[in-house]
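The following exercises are to be worked with the sequence and the coordinates at hand. Each task is followed by a solution in steps.

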Amino acid sequence: MYTAQVPDNDMSRAKAKEHNVPIYRTIWEVLTLGTDEIAVDGVLLIGEHGDYPLNDKGQKLYPRFELFLEIADAFSRTGQAVPVFNDKHLSYSWIKAKRMVEISRELEFPFMAGSSVPVTHRVPDWDLQWGTPLDKAGAVAYGGKESYGYHMIEAMQSVVERRRGGETGVAWTECLENEAVWNFLDRTPWAKKIFDACLTVSKKRVPGDPKELVKEPTVYLFGYHDGLEAATFLMNGLVRDFNVGVLPKGASEAKPVLMWLEGGKPYGHFACLVQMIEKMFENGRPTYPVERTLLVSGMLDLALESRFQGHKRLETPELDVEYEAPQESKYCKGAPVWA
């Protein structure tokens with residue numbers, strides 16, 4: 001194990017001692033175990049928490065890209081590579097996120113990323129049938145504009161990527177806040193339909209009028225290259241979970257689903273993500289496409305750029321990420337043990 005920082009409340013030293021896990025001072029040493037060859041079977045890159053600054057867009061500057069470059073350098077120096085998993089979005093920067101995926105392809109190592117939200121249990125136990133024509137989509141969630149905004153967008157993307165034609169990328173994005181969010185809902189029937197449907201599956205909805213409960217609503221809007229439109233709402237004060245809704249072509253009602261997270265320790269939903277990572281480490285193949293996380297990283301970065309530019313709608317031709325989701329759903333099936 002390597003840790004970039006060791007704060008006063010650090011757990012790594014005690015846990016490493018308890019389980020006899022060696023701690024090294026550099027990434028090179030931790031990947032080679034002090035030799036001249038890669039001596040591990042897989043790499044977990046977890047760039048989260050710690051004391052890092054915010055930029056002018058409100059993004060926390062976790063050094064995931066910089067840590068990734070050190071991992072890739074070790075692979076390049078030794079001529080050996082193993083699977084790498086990057087926790088959550090690849091980077092706060094679309095440019096850096098894209099480069100990370102490019103390097104993984106150049107050095108030909110399995111690469112996967114993301115969070116526990118898309119792979120946890122769902123209520124109902126449902127996924128979009130692979131190849132379904134899809135017209136509109138959305139999500140209702142809570143939390144910080146970047147940190148949980150990522151979870152929310154990725155949760156939605158894990159469903160809509162299964163639509164007919166596969167993923168073709170995002171053509172534009174726009175961030176709205178405060179009264180503009182309610183105005184958008186009032187004038188956009190499809191978004192209101194998905195919004196209301198999402199609230200029906202939330203297990204942590206606060207009763208009452210959303211306009212009274214939510215003091216600072218935010219919505220990230222996306223227009224995909226194939227015509228799909230999406231609206232993802234951060235509604236602090238109304239819900240405390242992650243709810244996704246879709247409106248298939250020709251359907252009159254939206255189909256909602258809750259990504260169910262355990263509300264306390266041991267946070268069992270992380271076990272679902274660990275299973276996905278273990279599969280990649282065992283067979284050398286990503287369990288789901290890294291392109292999902294790449295696209296969501298860009299969607300979030302540019303949605304926050306829209307906010308920074310005064311809620312301007314931004315054309316995003318650079319988000320031309322194309323991929324096909326696996327036909328088999330990749331999440332924990334059935335009711336969770338904590339239900």
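A residue counts as buried when its relative accessible area is under 20%, and as exposed when that area is over 50%. The model is predicted, and every value below is computed from it.

**Exercise 1. Cysteines**

Task: Determine how many disulfides the structure holds, and establish whether cysteine 198 is buried or exposed.

Solution.

Step 1. A disulfide requires two cysteine sulfur atoms within 2.5 Å. The structure holds one such bond. Its partners are cysteine 272 and cysteine 332, with an S to S distance of 2.3 Å.

Step 2. The handedness follows from the torsion about the S-S bond, which is about -125°, so the disulfide is left-handed.

Step 3. Next, locate the two partners. Cysteine 272 belongs to helix α9 (residues 269–283), while cysteine 332 is in the segment after β11 (314–315), so the bond ties together parts that are 60 residues apart in sequence.

Step 4. Apply the cut-off to both partners. Cysteine 272 has a relative accessible area of 2% and is therefore buried; cysteine 332, at 10%, is buried as well.

Step 5. Cysteine 175 takes part in no disulfide, since the nearest cysteine sulfur, that of cysteine 198, is 18 Å away. Its relative accessible area is 0%, so cysteine 175 is buried. Cysteine 198 is likewise in no disulfide, its nearest cysteine sulfur being that of cysteine 175 at 18 Å. With 0% relative accessibility, cysteine 198 is buried.

**Exercise 2. Nonpolar cores**

Task: Identify which residues touch the most other members of the largest nonpolar core, and which helix gives the most to this core.

Solution.

Step 1. The largest nonpolar core has 90 residues, of which Leu31, Tyr220 and Phe233 touch the most other members.

Step 2. The helix that gives the most to this core is α10 (residues 290–308), with nine residues.

Step 3. Another core, of ten residues, lies apart from the largest one; among its members are Leu273, Met276, Ile277 and Cys332. Cys332 is also a partner in the disulfide of Exercise 1.

Step 4. As general background, nonpolar side chains in soluble globular proteins tend to be buried together.

**Exercise 3. A three-stranded sheet and the helix across it**

Task: Establish the strand order of the open sheet of three strands, and find which strands α3 lies across.

Solution.

Step 1. The order in this open sheet is β1-β2-β3, and the pairing is parallel. β1 and β3 each have a single partner strand and stand at the edges, so one side of each is left without a neighbour in the sheet. On average, neighbouring strands are turned by 15° against each other, direction ignored.

Step 2. The parallel pairing of β1 and β2 extends over three bridges. Leucine 44 has phenylalanine 85 in β2 as its bridge partner, and valine 43 stands opposite valine 84 in β2.

Step 3. Consider the directions of the side chains in β2. Val84 and Asn86 point one way, Phe85 and Asp87 the other way, and all are buried. In a regular strand, side chains alternate between the two faces of the sheet.

Step 4. Helix α3 lies across β1, β2 and β3, and runs at about 160° to β1. This helix (residues 64–78) has 15 residues and reaches 21 Å from its first C-alpha to its last, close to the 21 Å expected at 1.5 Å a residue.

Step 5. The buried residues of α3 include Phe65, Phe68, Ile71 and Phe75. Their cover includes α2 (27–32), β1 (43–45), β2 (84–87), α4 (94–106) and β3 (111–114). Just after the helix, glycine 79 has a positive phi of about 70°.

**Exercise 4. A buried arginine and a buried serine**

Task: Find which residues arginine 292 is in contact with, leaving aside its neighbours within four places in sequence.

Solution.

Step 1. Arginine 292 is in helix α10. Its relative accessible area of 4% means that it is buried.

Step 2. Leaving aside neighbours within four places in sequence, arginine 292 is in contact with Pro118, Glu154, Gln157, Ser158, Glu161 and Tyr323.

Step 3. Serine 158 is in helix α5 (residues 147–160) and is buried, with a relative accessible area of 3%. With the same neighbours in sequence left aside, serine 158 is in contact with Pro118, Arg122, Asp127, Met259 and Arg292.

Step 4. The C-alpha atoms of serine 158 and threonine 293 are separated by 9.4 Å, although these residues are 135 residues apart along the chain.

Key
Residues numbered from 1 in each chain as written. Predicted model: local features only at pLDDT ≥ 70, side-chain atom pairs only at ≥ 80, totals over all residues. Heavy atoms only, no water. Core = buried A, V, L, I, M, F, W, Y, C linked by side-chain atoms within 4.5 Å. Buried < 20%, exposed > 50% of the residue type's maximum accessible area, 1.4 Å probe, protein only. Helix = DSSP H or I, 4+ residues; strand = E, 2+ residues; numbered from the N terminus. Contact = heavy atoms within 4.5 Å. Expected span 1.5 Å × (residues − 1). Pairing = 2+ DSSP bridges. Axes fitted to C-alpha atoms, helices over the stretch in contact; angles between N-to-C directions.
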